[in-house]
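Subject: Structure handover

Hi,

Here is the structure you will be taking over. My notes on the helix packing and the sheets follow below it.

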Amino acid sequence: MNDSLVVPEDTVATAVGETTFPRMGVIEQIWETDPIPIEEIEGRAAAAVDDLDFSDVPDGGEVAIGAGSRGIANLGSIVSGVVAGVRDRGYEPFVFPAMGSHGGATAEGQREKLDTLGVSEETVGCEIRATMDVETVGETPERGVPVYADANAVAADAIVMVNRIKPHTDFGGEVESGLSKMLVIGMGKQRGAKMAHDWAVDWSLRNMLPEIASQLLEALPVAGGVAIVEDEHDDTTLLEGVPASGFLERERELLETAERRMPKLPFDDLDVLVVDRIGKDISGQGMDTNVTGRRHFTINEPEPESPDVKRIYLRGLTEKTKGNAMGMGQADFVHRDVKAGLDWPKALINAITASTVRGVRLPPVVENDRAGLRGALGTIGPVAGDEARVLRVTDTMRLQRCYASEPLIEAARDRDDLRVIAEPAALAFDDGGEFVAPTPGED
């Protein structure tokens, strides 16, 4: 990497020509939510364990609790509650990382990743057993695809998964991100994750996940899982114990609930979307493809029907993503801070494992915000800058408050689900060509 990859602002200006920047105001989405109070989370998670099936587990038996998905609110408290619920039933719990190849595909890296998610031996009150070793526990009937599972989980008397149910960024199906995916890919460690994504090239995860999940449920003592659904603010709104017998059917129902509750852009048709940050703590693809409408880096998977966004300008990475810029390939222009924060080995390991290497392609790198927005506006066709439909968001999880250009502000006035917080004003840049206004979620 070197500064020769950064395109100076004057070069962009020469290519684009005279640019009129839009006036920007602030809008807010109106959401009706009913989150679980923070002080009740741990107790609700413990109570969810009562709905799982431990009928074949001996007294004092070991129960392996799988966790490890990023970006889940209150994960430490939820896992702690599940641990307590298992222990209250007379069993001995331990936690294992169920995160595929994440954490650099090493046992210590996965243990450290759990710690950053609020899950440590101190916070959840039980042992954490981290290994990349897997056992082959079967194969799919028609294709003969091997089915892998974490060696520590296989040796336990029962297995409980803890995960959020939500639409997946790489595919659409009856079962997407959730308990079944964590069984297949998370519990399969790097070997299982790579196998699943390799086969997904020809077999699609929408077809593979239910079949391999069924194999695992048949081969292993899965007591069930604790399903999490979050609301538009990414707060915990539902915790439910799902026994193994109802994994696939109940997940389908919960996925519909999660899809209704997930935050989305307030408009389906945009000329420019400015995204302040991406990261693995935001989405598996850095920015959620269900929000951006861009899934062109996947294989044999259709694009979401909406929204339609002509250009995306990306400004930076989250601190927690630790340089993993998976998803930057969705953008059309990126700020030099994205390039500066890249950890190429980490991003490439993730991309190769998931067979989505196009997701880490580096778009044109611009010197500053003024160059990024100028480049985006200059490539949307014959649309004047002051007429462009431009939206700026913090990230694809935090979408309640957004900066919006004047045409969008006017459209918002006629909608019951939106309110105008600030009237349009001239867009301001500092001496370095960076936006003066803070991220939309900040004052």
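Helix α7 (residues 179-186) packs against helix α10 (residues 247-261). Their axes lie 9 Å apart, at an angle of about 120°. An angle over 115 but not over 145 degrees counts as oblique, so α7 and α10 are oblique to each other. On the α7 side, the contact uses L179, S180 and L183. On the α10 side, F247, L248 and E251 make the contact. By class, the α7 and α10 contact residues split into 4 nonpolar, 1 polar and 1 charged. Keep in mind that this is a predicted model.

A second helix pair is worth a look. Helix α1 (residues 9-16) and helix α14 (residues 369-377) have axes that come within 9 Å of each other. These two axes cross at roughly 20°. Angles under 35 degrees count as roughly parallel, so α1 is roughly parallel to α14. The crossing of α1 past α14 is left-handed. From α1, the contact residues are E9, V12, A13 and V16. From α14, they are R370, A371, R374 and G375. This α1 and α14 contact has 4 nonpolar, 1 polar and 3 charged residues.

Now the sheets. Strands of a sheet pair through backbone hydrogen bonds, either parallel or antiparallel.

One open sheet has 9 strands, and its pairing is mixed. Its order is β1-β14-β13-β12-β11-β15-β16-β2-β17. The edge strands are β1 (6-7) and β17 (418-425), and each pairs on one side only. Some details from inside this order:

- Strand β11 (residues 269-275) runs parallel to strand β12 (residues 308-314), with 6 bridges between them. V275 sits opposite L314 in β12.
- β12 also pairs with strand β13 (residues 333-335), in the parallel sense, through 2 bridges. There L314 stands opposite V334 in β13. L314 therefore has V275 opposite on the β11 side and V334 opposite on the β13 side.
- Strand β15 (residues 390-393) and strand β16 (residues 401-405) are antiparallel and joined by 2 bridges. R392 faces Y403 in β16 across the pair.Another open sheet has 6 strands, also with mixed pairing. Its order is β5-β4-β3-β8-β9-β10. At its edges are β5 (127-128) and β10 (236-243), each pairing on one side only. Helix α4 (residues 107-116) packs on this sheet. α4 touches β3 (62-67), β4 (92-97) and β5. The direction of α4 makes about 105° with that of β4. Toward the other end of the order, strand β9 (residues 222-230) and β10 are antiparallel, paired over 7 bridges. G224 is opposite P243 in β10.

Last, the whole chain. How many helices and strands does the protein chain have? The protein chain has 15 helices and 17 strands. Its C-alpha atoms fill a box of roughly 75 × 45 × 40 Å along the principal axes. For 443 residues, a compact globule would have a radius of gyration near 22 Å. The protein chain has 23 Å, which agrees.

Best wishes

Notes. Residues are numbered from 1 along each chain as its sequence is written. This is a predicted model: local features need pLDDT of at least 70, side-chain atom pairs count only at pLDDT 80 or more; totals for chains, interfaces and linings use all residues. Side-chain values use heavy atoms; hydrogens and water are left out. Two strands pair if DSSP finds at least two bridges between them. Helices (H or I, at least four residues) and strands (E, at least two) are DSSP runs, numbered from the N terminus. Contact means heavy atoms within 4.5 Å. Axes are lines fitted to C-alpha atoms, for helices over the stretch in contact, and angles run from 0 to 180 degrees between N-to-C directions. Angles under 35 degrees count as roughly parallel, over 145 as roughly antiparallel, 65 to 115 as roughly perpendicular and the rest as oblique. A crossing is left-handed if the near helix is turned anticlockwise from the far one by less than a right angle, and right-handed if clockwise. Ala, Val, Leu, Ile, Met, Phe, Trp, Tyr, Cys and Pro count as nonpolar, Asp, Glu, Lys and Arg as charged, and the others, Gly among them, as polar. The radius of gyration is taken over C-alpha atoms; the globule rule is 2.2 Å times the number of residues to the power 0.38.
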